[in-house]
Amino acid sequence: MEFPTTAVAAGSGRRVPIPWTAALRRHRILAVMALAPDDEIHSHDELATFVRQLQQDFLQQGDTWENNTLADFLTALAAWVDDSPGWYRNFGKELPAQGNWTFLARALQAAKVYE
């Protein structure tokens with residue numbers, strides 16, 4: 001699977017490096033787990049599969065993750081959610097208006113105690 005290494009910057013129209021591509025190359029993240037800008041999760045089963053693959057990637061090479069503690073991971077997650085409108089703009093997309101943010105929040109909360 002080939003990933004783009006640059007994107008057109010909003011406003012200026014010039015091509016800029018995509019920071020996460022360097023991380024993909026540096027950390028050799030499994031292609032099966034990587035979610036490219038044009039990929040979508042279409043069902044709750046696909047989301048569960050993606051999360052399991054993310055877990056497997058962490059178990060196999062979590063020491064290479066930039067945010068490999070729960071505190072760092074949650075901090076980065078909150079920062080990315082805050083910045084996600086810009087991420088979507090950088091790829092010429094709109095933040096999904098119909099995203100089910102409540103479901104994702106409940107899933108993250110449930111993970112505190114669910115066995």
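What share of the 115 residues in the protein is buried? Colour the chain by relative accessible area and you'll find that buried residues make up 19%; here buried means under 20% relative accessible area, exposed over 50%, and partly exposed in between, with a 1.4 Å probe and protein chains only.

Before you click around: this is a predicted model, where local features need pLDDT of at least 70 and side-chain atom pairs count only at pLDDT 80 or more, while totals for chains, interfaces and linings use all residues. Residues are numbered from 1 along each chain as its sequence is written, and side-chain values use heavy atoms, with hydrogens and water left out.

**Cartoon view.** Switch to secondary structure and look for four helices and two strands, in the order β-β-α-α-α-α along the sequence. Helices (H or I, at least four residues) and strands (E, at least two) are DSSP runs, numbered from the N terminus. Of the contacts with a separation of 6 or more, 36% join residues 24 or more positions apart; a contact is heavy atoms within 4.5 Å.

**Select α2, 44-61.** Put a distance on its end C-alpha atoms: they sit 25 Å apart, in agreement with the 26 Å that 18 residues should span at 1.5 Å a residue. That expected span is 1.5 Å times one less than the number of residues. Now show side chains. Phe50, Asp57 and Gln61 are buried. Look down the axis of α2 and the buried residues fall within an arc of 25°, so they line one face of the helix; the arc is taken over directions from the helix axis to the C-beta atoms. Spin to the other side for His44, Asp45, Arg52 and Leu59, which are exposed.

**Select Lys93 and Asp38.** Their side chains form a salt bridge at 2.8 Å, N to O. Lys93 is in the loop between α3 and α4, and Asp38 is in the loop between α1 and α2, 55 residues apart. The rule asks for a side-chain nitrogen of Lys or Arg within 4 Å of a carboxyl oxygen of Asp or Glu, and the count comes to one. Lys93 is partly exposed at 29%, whereas Asp38 is exposed at 61%.

**Last stop: Phe103.** You'll find Phe103 in helix α4, partly exposed with a relative accessible area of 41%. Turn on the surface, too: the protein exposes about 8900 Å², with carbon and sulfur atoms supplying 57% of it. Those areas come from the Shrake-Rupley method with a 1.4 Å probe.
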